[in-house]
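Open your viewer and keep the sequence panel beside it. We will go from stop to stop, and at each one you will get a selection to make and a note on what is there.

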Amino acid sequence: MAEFRTPLIHSFFCNDPALLRVILQDRAGDFPKSNRMREGLAPLLGNGVFISNGAEWAHQRRIIDPAFEGGRVRASYPAILDAARAAAARLTPGVHDIEPQSAHAAADVIFRTLFSLPIEHRIASDVFEAFREHQEAQPLVNLAALLPLPRWMPRPHSRRTRTTAARIRGLIETLVSDRAAAIAAGTAPDDLATKIMTTHDPQTGECFTGPEMIDQVAVLFLAGHETSASVLGWALWLLAANPDWQDRVADEAQMLSDDFACLSGLKATRAVFREALRLYPAVAMFVREATGPETFRDRKVPRGAQLVVSPWHLHRHGRLWDRPDDFDPARWDTPEGKASARGAYLPFSAGPRACPGAGLAMAEGVVMLAAILGRWRMEVTDRIPTPVARLTIRAADGIWVRLTPR
């Protein structure tokens, strides 16, 4: 644990599994999402479930969580498989930056599972392009997140950030309005959007309003697209750099089929994706806030302190992992690896605010790797990618690999 204090912010970097259990699980209600961090994402996400707190967050989760239960991964599998096969078919031989392809593939999955639309649909394609611009415009820490401004005062977001966020939300509004009309007409497909829009809060009986649904779709696109795109790109590079594991994934890819049950046989592929999530977690860090004075490791933590949780550092901690910087998917089958995973592995956060789509994301990663590596061989080039933290962990100058058809 480390303490940082500036004239604008007082924060504690928390990297202790026991402490993280307190913050994220045992007393999660005492450590809500930081309002300062919310300010940086508000232009895009409004007050969506990713950044809301308290009773409003609980209301949102009571509606959203059922959409991911009851076999949702199985129901979404055909859409994921179609998107993965389309991604493999779009690739061409030669040296390429795989990041844009990964982003395209992940966007295709989220639109197919959320709105039953392939990425080629005009609005889906427009949202994807606008999101890419927003990612480039958004700093890791916005000035709005650092200044303790009163709520009535306008936040200092860049013009580009505001413009790209407004464009995305306008496009999402069209999708939500079209789906609401289809639901009213009884012609809506049984996908995530329909499920979320027709689910009532069991405590209040309310559904999401149109503006609330725009917030939630923006969250789901950020959580289901940006994060998956980031990890998929790094996973492909790790396989290019480790041809022995690449061959194992390619061999398993022969089992990939229209039958959802085939996923149970892709054990090496799943281990590879878990390892990619460990080495390159989609979100470098997230922040909670202390609602009252605390004492952490004999150190006084004042009310309002920012508690920084960093999966990037936790997953690479030398005291918590064996050879933490090595790519070793076999670690997940060892007693040491399983113990580390229980205490120091947070790819989807933990506790009440854990990602409800974690199962869907894992299935997507496994299917994407199998579909792509079953068709293409990948090799590293002399351009080694350098990770940088934006909304997600991306490469400073792309992730370049050489593609050869199998």
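Before the first selection, a word on names: helices (H or I, at least four residues) and strands (E, at least two) are DSSP runs, numbered from the N terminus. Keep in mind, too, that this is a predicted model.

**Stop 1: a loop between two strands**

With those labels in hand, select Arg 297, which is found in the loop between β5 (294–296) and β6 (299–301). Is Arg 297 buried or exposed? Arg 297 is exposed, because its relative accessible area of 53% is over the 50% cut-off. Now look at its backbone: Arg 297 has a positive phi of about 50°, although it is not a glycine. Most residues other than glycine have a negative phi.

**Stop 2: another positive phi**

Next, select Ser 349, in the loop between α14 (335–344) and α15 (358–373). Phi of Ser 349 is near 65°, again a positive value in a residue other than glycine. Ser 349 has 19% relative accessibility, so this serine counts as buried.

**Stop 3: α12 against α15**

Stay with α15 and add helix α12 (residues 267–279) to the selection. The two axes come within 9 Å and cross at roughly 115°, and the crossing of α12 past α15 is right-handed. Which residues meet here? From α12, show Thr 269, Arg 270, Val 272, Phe 273, Arg 274 and Leu 277. Facing them in contact from α15 are Ala 361, Met 362, Gly 365, Val 366, Leu 369 and Ala 370. Colour this set by residue class and you will find 8 nonpolar, 2 polar and 2 charged residues.

**Stop 4: α5 against α10**

For a second helix pair, select α5 (residues 98–115) and α10 (residues 210–241). Their axes come within 8 Å and cross at roughly 140°, which means that α5 is oblique to α10. The crossing of α5 and α10 is right-handed. On the α5 side, the contact residues include Ile 98, Ala 103, Ala 106, Ile 110, Phe 111, Leu 114 and Phe 115. On the α10 side, look for Val 217, Leu 220, Phe 221, Gly 224, His 225, Leu 232 and Leu 236, among others. How many residues of this contact are charged? There are no charged residues in the contact of α5 with α10, which divides into 15 nonpolar and 5 polar.

**Stop 5: a histidine and its partners**

Move to His 59, found in helix α3 (residues 54–64). At 11% relative accessibility, His 59 is under the 20% limit and therefore counts as buried. Show side chains and find Asp 201: a polar contact of 2.6 Å joins the side chains of His 59 and Asp 201. Leaving aside residues up to four places away in sequence, His 59 touches Asp 201, Thr 204, Glu 206 and Phe 208.

**Stop 6: two distances to draw**

Select Arg 390, in the loop between β9 (387–389) and β10 (393–395). Arg 390 is partly exposed, with a relative accessible area of 30%. Draw a C-alpha to C-alpha line to Ala 282: Arg 390 and Ala 282 are 108 residues apart in sequence and 9.9 Å apart in space.

Finally, select Ala 166 in helix α8 (residues 159–185), a residue that counts as partly exposed at 49% relative accessibility. Draw the C-alpha line from Ala 166 to Ala 241, and it spans 39 Å, with their positions 75 residues apart in sequence.

Key. Residues numbered from 1 in each chain as written. Predicted model: local features only at pLDDT ≥ 70, side-chain atom pairs only at ≥ 80, totals over all residues. Heavy atoms only, no water. Axes fitted to C-alpha atoms, helices over the stretch in contact; angles between N-to-C directions. Parallel < 35°, antiparallel > 145°, perpendicular 65-115°, else oblique. Left-handed = near helix turned anticlockwise from the far one by under 90°. Contact = heavy atoms within 4.5 Å. Nonpolar A, V, L, I, M, F, W, Y, C, P; charged D, E, K, R; others polar. Buried < 20%, exposed > 50% of the residue type's maximum accessible area, 1.4 Å probe, protein only. Polar contact = N/O pair within 3.5 Å; in protein donor to acceptor, adjacent residues only side chain to side chain.
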